[in-house]
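Work through the exercises below with the sequence and the structure open beside you. Try each task before reading its solution.

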Amino acid sequence: MKTSDKVLLILEEQCGNFVSGEAIGVKLSLTRAAIWKAVSTLRQQGYTISSSTKLGYKLEGGCDRLSVKGIKALLSEPLEIIHYSEVDSTNTVAKRLAWEGVSAPLVVVADTQTKGRGRGGKAFFSPVQSGLYLSLLIKPNFTVAMALRITAAAAIAVSRAIEELSNEKATIKWVNDIFLGEKKVCGILTEGVSGFESGKLESVVIGIGINFKIPKGGFPKELQETATALYGKKVPQGVTKNQLAAKVLENLLSLLAQLDHPQFMEEYRQRSMVLNKEITVYHGREQYNGVVRHITDDGGLIVTLEDGSERELNSGEITIRKV
Ligand code: BTN
């Protein structure tokens, strides 16, 4: 564990109270300069830490910290979890670990991502403290055709978790976006990992990014019209990111156990905000309009085109047309 993470842990334990530099130094066998450096690193990562010559350091901004201990305590089954204060992308870390041969299932969570990734090579805005960034690595016995179904299972898992923790109704925009009303609250990026030797798809990383609360300073301009968060700037008493993470994971693991008999796809259809809607499809260089008639048990979108023909979509992007 990095020194800054160790210092963060101590500040979290004393959430809202000052901890003297001396106490931190004794606990971690660090000099005052090393503690100062760690605090500076944490501040650069976005943590607000007050300092006082007499009292020491205090972590500001609430006690809602993601932690391995906190998530595990809320799970009914043991699960391997790794927590980082900052990573490039939890999906990238999980994929790296898969290549290194780590055993699965394994969860990677982070407080912030410097290179959070979305679908289609887009960046995923991942500020510190306001979001949940989580990747689940699994090594299932499945065919590539299952990929969409896995993403659909993740979308249901998140929707259920959101509804368990709030009064909001979560809907799904094919294939992997979760919406509250007209705005996106969560994105899911499912990636396959093929083995160097076998060249076969050996593992799958399911990356989930949920806007937990409105970030300090709000969403950047380009997201203001389209993004929302589960909560405003204030989170209801007793609700934590650890809870959200645990609920998502419990739901997801239970749905993944049903992949071969996907009755849950009925729930996916019921939550869908695109069924029977007029849409525009963007598929490679192609762009066309149509109406969504059905979503298959494999997560494919059945679209009737304007000329009356029918297509099944298994990839690509869609937008709902305002008609
Ligand atoms: C999308 O909206 O297109 C998908 C966004 C997926 C974001 C999550 S955050 C955790 C994981 N790590 C990443 O870099 N991406 C996923």
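**Exercise 1. The hairpin of β10 and β11**

Find how many residues lie between β10 and β11, and describe how each of these strands is paired.

Solution. The model is a predicted one.

Step 1. Locate the two strands: β10 covers residues 278-283 and β11 covers residues 286-295. They form a hairpin with 2 residues between them. G284 sits in the turn and has a positive phi of about 60 degrees.

Step 2. Look at the direction of the strands. β10 and β11 run antiparallel and are joined by 6 bridges.

Step 3. Look for another partner of β10. Strand β14, residues 317-320, pairs with β10 over 4 bridges, again in the antiparallel sense.

Step 4. Follow one residue across both pairings. I279 stands opposite G290 in β11, and its bridge partner in β14 is I320.

**Exercise 2. The surroundings of helix α5**

Decide whether α5 is mostly covered or mostly open, then describe what lies around the helix and at its ends.

Solution. Step 1. Count the buried residues, those under 20% relative accessible area. In α5, residues 90-99, 7 of the 10 residues are buried, so by this cut-off the helix is mostly covered.

Step 2. Name the buried residues. They are T90, N91, V93, A94, K95, L97 and A98.

Step 3. Ask what covers them. The covering elements include the strands β3 (80-87), β4 (106-113), β5 (131-138), β8 (183-194) and β9 (201-211).

Step 4. Check the ends. At the N-terminal end S89 acts as a cap, with a side-chain oxygen 3.2 Å from the backbone nitrogen of N91. After the helix comes G101, which has a positive phi, near 90 degrees.

**Exercise 3. Unusual backbone angles**

Which loops hold the cis peptide bonds from A104 to P105 and from W174 to V175, and where do S29 and Q129, with their positive phi, lie?

Solution. Step 1. Recall the usual case. Most peptide bonds are trans, and most residues other than glycine have a negative phi.

Step 2. Take the cis bonds. The bond from A104 to P105 has an omega near 5 degrees, and P105 is in the loop between α5 and β4. The bond from W174 to V175 has an omega near 0 degrees. V175 lies in the loop between β6 (170-173) and β7 (177-180).

Step 3. Take the positive phi values. For S29, phi is near 50 degrees, and the residue is in the loop between α2 (21-28) and α3 (32-44). For Q129, phi is about 70 degrees, and the residue is in the loop between β4 and β5.

Step 4. Sort S29 and Q129 by accessibility. S29 counts as exposed because its relative accessibility is 66%. Q129 counts as buried because its relative accessibility is 14%.

**Exercise 4. A loop residue and its distant neighbour in sequence**

Is Q263 buried or exposed, and how many residues apart in sequence are Q263 and D297?

Solution. Step 1. Place Q263 in the loop between α7 (241-256) and α8 (264-271).

Step 2. Read its relative accessible area. The value is 62%, so Q263 is exposed.

Step 3. Set the two separations side by side. Q263 and D297 are 34 residues apart in sequence, and their C-alpha atoms are 8.2 Å apart in space.

**Exercise 5. Empty space**

How many cavities of 30 Å³ or more does the structure contain, and which residues lie nearest the centre of the largest pocket?

Solution. Step 1. Recall the principle: a probe the size of a water molecule, rolled over the atoms, shows where empty space is left.

Step 2. Count the cavities. The search finds 1 of 30 Å³ or more, and the largest has a volume of about 30 Å³.

Step 3. List the cavity lining: F125, P127, S130, G131, Y133, N211, K213, P215 and F219. By class these are 5 nonpolar, 3 polar and 1 charged.

Step 4. Turn to the largest pocket, with a volume of about 1100 Å³. Its lining has 46 residues, and K173, D177, F179, K184 and T226 lie nearest its centre. The elements giving two or more residues to this lining are α5, β5, β7, β8, β9 and β14.

Step 5. Break the pocket lining down. β8 gives the largest share, 7 residues. By class, the lining of the largest pocket divides into 19 nonpolar, 13 polar and 14 charged residues.

Key. Residues numbered from 1 in each chain as written. Predicted model: local features only at pLDDT ≥ 70, side-chain atom pairs only at ≥ 80, totals over all residues. Heavy atoms only, no water. 1 Å grid on protein atoms, 1.4 Å probe; cavity = no way out; pocket = protein on both sides within 12 Å on 5 of 7 lines; lining within 4 Å. Points joined across faces, edges and corners; volume = space filled by probe spheres on them. Nonpolar A, V, L, I, M, F, W, Y, C, P; charged D, E, K, R; others polar. Buried < 20%, exposed > 50% of the residue type's maximum accessible area, 1.4 Å probe, protein only. Contact = heavy atoms within 4.5 Å. Polar contact = N/O pair within 3.5 Å; in protein donor to acceptor, adjacent residues only side chain to side chain. Pairing = 2+ DSSP bridges.
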